[in-house]
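Reader: Could you take me through the salt bridges in this one, pair by pair? I'd like to know where each partner sits and how open it is to solvent.

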Amino acid sequence: MPAQDRTRRLPSQAINQDITSLHGLQTISSYDTTRADASVAKLQQAYQAMLVSQQAETEKLTLYRAAADAARFAEWEFHNAILAMKEVVRGQYGSDSDQAQAVGLKKKSERKRPNRKKPVAMAS
C-alpha cells in the first residue's frame, strides 16, 4: 500500500462514503474485532472528533471571512479618504503647488507634453 499523503484534504465523496459505511456497520450486531483502531468505540470516537473539527473549521472560516470583509471595507474607506484629501489639496493650493506634490500628485508644470507625430509621407 502506498504512503498516504496527509497534506491534502480527502474528497467529500470519500468522507460521505466513510460515514455511510459507519452507519452500515451500526446495523451489524455481531461485529467484533481485536484491532483497536477498527473497534466500534474507536470509530465512533474518530467520527465525533471529525465532526467537532469540521465545526471548528467552519466557525473559524466564518470569522476569517468576516475579518477579511472588514479589512477590505476599511481599506476602501481609507483609499477614498485619501482621494478626497488629494482633491481638497488640489483645490485649495492648486495643481502646480508644492503642497500637491507633497501628497503624491504630479505638478501640472512637470507633466510631459504630448508630442505630435508628423504624418509619414506615403511613397508612390
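Author: Running from the N terminus, the order of elements is α-α-α, so to speak a plain list of 3 helices and 0 strands. Keep in mind that this is a predicted model. Its radius of gyration is 33 Å, where a compact globule of 124 residues would come in near 14 Å, and just 9% of the residues count as buried.

Now the charges. There are 19 positive and 13 negative side chains, with the centres of the two sets 15 Å apart. Side chains of opposite charge can pair when their charged atoms come close. Here the count is 4 salt bridges, and I'll go through three pairs that are among them.

Start with Arg9 and Glu57, whose side chains meet at 2.8 Å, N to O. This pair ties together distant parts of the chain: Arg9 belongs to the segment before α1 (12-25), while Glu57 is in helix α2 (residues 40-93), 48 residues apart. Arg9 is exposed at 60% relative accessibility, and Glu57 is partly exposed at 37%.

Next come Asp37 and Arg35, with their closest N and O atoms 3.0 Å apart. Asp37 is partly exposed, having a relative accessible area of 45%, and Arg35 counts as exposed at 52%.

Then there's Asp98 with Lys107, where the closest N and O atoms are 2.6 Å apart. Asp98 is exposed, at 52% relative accessibility. Lys107, however, has 14%, and because buried means under 20%, Lys107 counts as buried.

Conventions
Residues are numbered from 1 along each chain as its sequence is written. This is a predicted model: local features need pLDDT of at least 70, side-chain atom pairs count only at pLDDT 80 or more; totals for chains, interfaces and linings use all residues. Side-chain values use heavy atoms; hydrogens and water are left out. Helices (H or I, at least four residues) and strands (E, at least two) are DSSP runs, numbered from the N terminus. The radius of gyration is taken over C-alpha atoms; the globule rule is 2.2 Å times the number of residues to the power 0.38. Buried means under 20% relative accessible area, exposed over 50%, partly exposed in between (1.4 Å probe, protein chains only). Lys and Arg count as positive and Asp and Glu as negative; His and the chain ends are not counted. The place of a charge is taken as NZ of Lys, CZ of Arg, CG of Asp or CD of Glu.
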